[in-house]
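Here are my notes on this one, point by point. Have the model open as you read.

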Amino acid sequence: MSRKTYGLTLRGFACALLALQVWLVWHLSTYDVTTVMWECDGEGCGSDQFAAMAPELGVASAALLGFVAARFLHRATAGAVIALSASGAAAGWHDAVADGRVDYGTVTDFMLVVPAGRHSVSFWLTFLLAVAAAGCLIALWGGAVSLRRTAALRRLRAEFSTAEARLEGWRPVRGRRGEVTVVFHDTRGARHAVPVVVDRAALDRPVLAVYDRGRPADPGRTRVAVPRRRMLRSP
């Protein structure tokens with residue numbers, strides 16, 4: 001196993017453990033919320049029970065998961081972490097109702113870093129499910145953007161190769177996209193200059209040309225990929 005593969009494997013394992021932690025902490029934050037005993041004085045209220053601190057720990061765990069998982073999820077990271085956290089909290093309420101700890105009409109406090117107010121369990125479930133749905137939509141949008149920018153699906157196809165490239169010129173087409181000329185050398189060393197349309201962000205980044213080995217000069221079969229890291233030319 002190469003050093004890179006070993007590192008990615010460890011990072012993936014860490015992501016799995018962090019995802020489980022995020023789920024469990026947010027689940028606990030709602031499942032045990034009604035058992036928390038608060039002590040109040042002139043300066044405010046507090047508790048030494050773990051469930052009282054679970055939301056803060058959940059936010060910290062989710063932020064750490066996002067940092068570690070960004071290598072794999074790219075722009076889908078934020079939405080995926082939000083959906084996971086909200087789903088864990090919603091599952092905690094469902095399990096609390098199933099175990100008879102609360103019912104859907106029970107009015108209770110729920111701390112989201114700061115006091116979020118007193119609402120019924122059904123309200124919190126509706127709110128959390130809406131947040132989870134929004135997170136899923138954000139993740140899908142982010143994933144689609146990442147797939148387009150990195151040309152990940154095209155690079156997996158056997159008939160395509162990648163090569164380090166440079167971009168020349170810029171002619172606005174629509175919005176933040178414009179036409180440029182991507183210059184690269186194919187596997188036989190032949191130089192090609194192909195017109196393509198790219199996002200403006202690609203102008204300031206190392207890029208790859210993803211081209212059809214059989215038709216390397218075909219604009220319809222050539223794309224520009226913006227990898228997260230600078231990559232070596234591959235056959």
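**Notes on the predicted model**

1. Let's start with the main core. This is a predicted model, and its largest nonpolar core has 21 residues. Leu65, Trp93, Val102, Val121, Leu125 and Leu128 are the ones with the most contacts inside that core. Four helices each give two or more residues to the core: H1 (3-31), H2 (50-73), H3 (77-98) and H4. H3 provides the largest share, six residues.

2. Leu125 is a good place to zoom in. Setting aside residues up to four places away in sequence, Leu125 touches Ala90, Trp93, His94 and Tyr104. Trp93 also appears among the core residues with the most contacts.

3. There is a second core, separate from that one, with 14 residues. Val194, Ala202, Ala209 and Val226 are among them.

4. Now the overall layout. The chain holds five helices and nine strands, and from the N terminus the order reads α-β-β-α-α-β-β-α-α-β-β-β-β-β. Of its 235 residues, 37% are buried. If you take contacts with a separation of 6 or more, 58% of them join residues 24 or more positions apart.

5. On the annotation: the unreviewed UniProt entry places "transmembrane region" at residues 12-29, 49-69, 76-94 and 121-147. How do the spans 12-29 and 76-94 look in the model? Residues 12-29 are 100% helix and 0% strand, with end C-alpha atoms 26 Å apart. Residues 76-94 come out at 95% helix and 0% strand, and there the end C-alpha atoms lie 27 Å apart.

6. Is Ala132 buried or exposed? This residue lies in helix H4, and it counts as buried because its relative accessibility is 8%, where the cut-off is under 20%. Leaving out neighbours within four places in sequence, Ala132 is in contact with Ala83, Ala86 and Ser87. For Ala132 and Ala86, the C-alpha to C-alpha distance is 5.2 Å, although they are 46 residues apart in sequence.

7. Compare that with Pro206, which sits in the loop between S7 and strand S8 (207-212). Pro206 has a relative accessible area of 36%, so it is classed as partly exposed, in between the limits of 20% and 50%. Pro227 is 21 residues from Pro206 in sequence, and the two are 7.6 Å apart in space, C-alpha to C-alpha.

8. Last, have a look at the second largest pocket, which holds about 330 Å³ of space. Its lining has 19 residues, and those nearest the centre are Arg148, Arg177, Val197, Arg223 and Val224. By class, the lining is made up of 10 nonpolar, two polar and seven charged residues.

9. Which element gives the most to the lining of that second largest pocket? S7 does, with five residues. Helix H4 (121-150), strand S7 (191-199) and strand S9 (223-225) each supply at least two residues of the lining. H4 is worth following through the model, since this helix also gives two or more residues to the largest nonpolar core.

Terms used: Residues numbered from 1 in each chain as written. Predicted model: local features only at pLDDT ≥ 70, side-chain atom pairs only at ≥ 80, totals over all residues. Heavy atoms only, no water. 1 Å grid on protein atoms, 1.4 Å probe; cavity = no way out; pocket = protein on both sides within 12 Å on 5 of 7 lines; lining within 4 Å. Points joined across faces, edges and corners; volume = space filled by probe spheres on them. Nonpolar A, V, L, I, M, F, W, Y, C, P; charged D, E, K, R; others polar. UniProt positions renumbered as here; feature names shortened; annotations may be inferred. Core = buried A, V, L, I, M, F, W, Y, C linked by side-chain atoms within 4.5 Å. Buried < 20%, exposed > 50% of the residue type's maximum accessible area, 1.4 Å probe, protein only. Contact = heavy atoms within 4.5 Å.
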